[in-house]
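Colleague: I would like a close look at a single part of this model, with its surroundings described step by step. Please begin with one local backbone detail and then move on to the part itself.

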Amino acid sequence: MADIAALTALIEPEVKALGFDLVRIKLFGSGDDYTLQIMAEDPKTKQLVIEDCATISRRLSDVLDEADPIEEAYRLEVSSPGIDRPLTRLHDYREWAGHEAKIAATELVEGRKSFRGLLNGVDGEDILFTDAKAGDVRIPFGLVHDAKLVLTDRLISATMPLSSDGADEFETEE
């Protein structure tokens, strides 16, 4: 398997050069069925449109073909993080404060590894969080294994699409 840190060092400057922020790189699969997933976003909108995905994909295909950092055959998938996005960077917790999230820690934090509740921002390298069961906790960012926003009406309102052009229109009989 390829080294994610080395892939990040190769991919992130290319994504940044196109004006986007890298959210996550994930290589998954087995045997001869691997996928290299690149999540990116426009820093102004926190979204990508299909043309953005295509632009990033073309740029990365050339770079990855030249560098050949992955021994196995793989598919390249470029996408927006979506509404219930993963939280992968410390500033994600600040930007999405006030929204519900799930966090899984690698070690016990105040007797727990799993949390679900409200993001309250960050303090230094700690995530400030109000867990539905444990109350207020500080979760060291370095102990986060996985985290993502929870789909709520509030989150949907905060991430309305940039455009509804091309969305299906429905006709009703009167």
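Colleague: In which loop is K46 found? After that, please take strand β6 (residues 126-131) and describe its place in the sheet, its partners and its side chains.

Modeller: The model is a predicted one, and what follows should be read in that light. K46 is found in the loop between β2 (33-41) and α2 (50-67). Its phi is near 65°, a positive value in a residue other than glycine. E110 is another such case, a residue other than glycine with a positive phi, here near 50°. E110 lies in the loop between β4 and β5, and at 56% relative accessibility it counts as exposed.

For the wider setting, the UniProt record, an unreviewed entry, carries two domain annotations that are relevant here. The annotation "Ribosome maturation factor RimP N-terminal" covers residues 10-84, a span that is 35% helix and 33% strand, with its end C-alpha atoms 27 Å apart. For "Ribosome maturation factor RimP C-terminal", the record lists residues 87-152; that span is 9% helix and 61% strand, and its end C-alpha atoms lie 16 Å apart.

Strand β6 belongs to an open sheet of five strands, which follow one another in the order β7-β6-β5-β4-β8 with antiparallel pairing. The edges of this sheet are taken by β7 (135-140) and β8 (144-149), each of which has a single partner strand, so that one side of each is left without a neighbour in the sheet. Neighbouring strands are turned against each other by 40° on average, if direction is ignored. In the order of the sheet, β6 has β7 on one side and β5 on the other, and these two partners can be taken in turn.

On the β5 side, six bridges join β6 to β5 (residues 112-123), and the two strands run antiparallel. Two of the paired positions can be named: I127 is the bridge partner of V122, and D131 is the bridge partner of G117. The hairpin of β5 and β6 has two residues between the strands, and in it G124 takes a positive phi near 65°.

On the β7 side, six bridges again join the strands, which run antiparallel. Here D126 stands opposite P140 in β7, and the hairpin that β6 and β7 form has three residues between them.

The side chains of β6 alternate along the strand: I127, F129 and D131 point to one face and are buried, whereas D126, L128 and T130 point to the other face and are not buried. Two residues of the buried face, I127 and F129, reappear in the largest nonpolar core, which has 20 residues; they are among those with the most contacts inside it, together with L87, Y93, I103, L119 and I139. The elements that give two or more residues to this core are α3, β4 (100-109), β5, β6, β7 and β8, and the largest share, four residues, comes from β4.

The structure holds two aromatic pairs. In one of them, the ring centres of Y93 and F141 are 6.0 Å apart and the planes stand at 75°, so the pair is edge-to-face, the class for planes over 60 degrees apart. Because Y93 lies in helix α3 (residues 90-95) and F141 in the loop between β7 and β8, this pair ties together parts that are 48 residues apart in sequence. Y93 is buried, with a relative accessible area of 0%, while F141 is partly exposed at 23%. The other pair brings us back to β6: the rings of F115 and F129 have their centres 6.4 Å apart and their planes at 80°, so this pair is edge-to-face as well. It links distant parts of the chain, with F115 in strand β5 and F129 in strand β6, 14 residues apart, and both F115 and F129 are buried.

To draw the description of β6 together, the strand is joined by six bridges to β5 and by six bridges to β7. Its residues I127, F129 and D131 share one buried face, and F129 takes part both in the core and in the edge-to-face pair with F115.

Definitions and conventions: Residues numbered from 1 in each chain as written. Predicted model: local features only at pLDDT ≥ 70, side-chain atom pairs only at ≥ 80, totals over all residues. Heavy atoms only, no water. Pairing = 2+ DSSP bridges. Axes fitted to C-alpha atoms, helices over the stretch in contact; angles between N-to-C directions. UniProt positions renumbered as here; feature names shortened; annotations may be inferred. Phe/Tyr/Trp six-rings, centres within 6.5 Å; stacked < 30°, edge-to-face > 60°. Buried < 20%, exposed > 50% of the residue type's maximum accessible area, 1.4 Å probe, protein only. Core = buried A, V, L, I, M, F, W, Y, C linked by side-chain atoms within 4.5 Å.
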